[in-house]
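Here's a quick briefing on side-chain interactions, put together for someone who likes the cut-offs spelled out. Have a look at the model, then read on.

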Amino acid sequence: MINFKRADHIHICVPPERLEEARLFYTNTIGLEPIERPSVFSSAGYWFRIADIELHIGVEDSLPRSIRHTAFKVSDVLAARKYLENHGLEILEEPTIAGRERFAFIDPFGNRMELLQLL
């Protein structure tokens, strides 16, 4: 049996020609803290701190939209939604789950992200 402790990092991809745009989006719009990415990788990318885990951004050709996603707990999901709407991001409604307020958004690079607040 595996004794999991917590998620360590999440990896998303952006088209190679939009990597710098992704760095600016996740730094300036979303407000993540950039952290050092080891130089051992042959492909381009950036790493960020997000709460107590990391978000890794790598490059890959665009793929069709999928239901694959990452979900993050936030302290005020309604404020987060309004903030993202004000930045013109596509918001997706999620089915209602008792005890959770949630929605998803699509980042400018096609990655689906869910934000939720436990009630």
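**Charges, rings and bridges**

Arg23 parks its charged end over the ring of Tyr46, 5.9 Å from the ring centre. "Over a ring" here means that NZ of Lys or CZ of Arg is within 6 Å of the ring centre and within 35 degrees of the ring normal. Bear in mind that this is a predicted model: local features need pLDDT of at least 70, side-chain atom pairs count only at pLDDT 80 or more, and totals for chains, interfaces and linings use all residues. Residues are numbered from 1 along each chain as its sequence is written, and side-chain values use heavy atoms, with hydrogens and water left out.

**Around Arg23 and helix 1**

- Arg23 also makes a salt bridge with Glu20, with the closest N and O atoms 2.9 Å apart; a salt bridge is a side-chain nitrogen of Lys or Arg within 4 Å of a carboxyl oxygen of Asp or Glu.
- Both Arg23 and Glu20 belong to helix 1, where they are 3 residues apart, about one turn of the helix. Helices (H or I, at least four residues) and strands (E, at least two) are DSSP runs, numbered from the N terminus.
- Arg23 is partly exposed at a relative accessible area of 28%, and Glu20 is partly exposed at 39%. For the burial labels, buried is under 20% relative accessible area, exposed is over 50%, and partly exposed is in between (1.4 Å probe, protein chains only).
- Glu21 pairs up with Arg18 in a salt bridge, the closest N and O atoms being 2.8 Å apart.
- Glu21 comes out partly exposed at 38% relative accessible area, and Arg18 is partly exposed at 26%.

**Aromatic pairs**

- Searching the whole structure turns up 4 aromatic pairs. Rings of Phe, Tyr and Trp (its six-membered ring) pair if their centres lie within 6.5 Å; planes under 30 degrees apart count as stacked, over 60 as edge-to-face and the rest as tilted.
- Phe25 and Tyr26 have ring centres 4.9 Å apart and planes at 90°, so they're an edge-to-face pair. Both Phe25 and Tyr26 are buried.
- Phe25 and Phe109 are edge-to-face too, because their planes are at 75°, with the ring centres 6.1 Å apart.
- That second pair ties together distant parts of the chain, 84 residues apart: Phe25 is in helix 1 (residues 19-29), and Phe109 is in the loop between strand 7 (100-106) and strand 8.
- Phe25 and Phe109 are both buried.
- Zooming out, ring pairs join Phe25, Tyr26, Phe48 and Phe109 into a cluster.

**Salt bridges and another charge over a ring**

- The structure has 8 salt bridges.
- One of them joins the side chains of Arg65 and Glu90, at 2.9 Å from N to O.
- The Arg65–Glu90 pair links distant parts of the chain, 25 residues apart: Arg65 sits in the loop between strand 4 (53-59) and strand 5 (70-73), and Glu90 in strand 6 (residues 90-93).
- Arg65 is exposed at 51% relative accessible area, while Glu90 counts as partly exposed at 36%.
- Glu94, Arg102, Arg112 and Glu114 form one network through salt bridges that share partners.
- Arg81 has its charged end over the ring of Phe103, 5.6 Å from the centre.

**Leu119**

- Leu119 is in the segment after strand 8 (112-118), and is exposed, with a relative accessible area of 70%.
- Leaving out residues up to four places away in sequence, Leu119 touches Gly99, Arg100 and Glu101; contact means heavy atoms within 4.5 Å.
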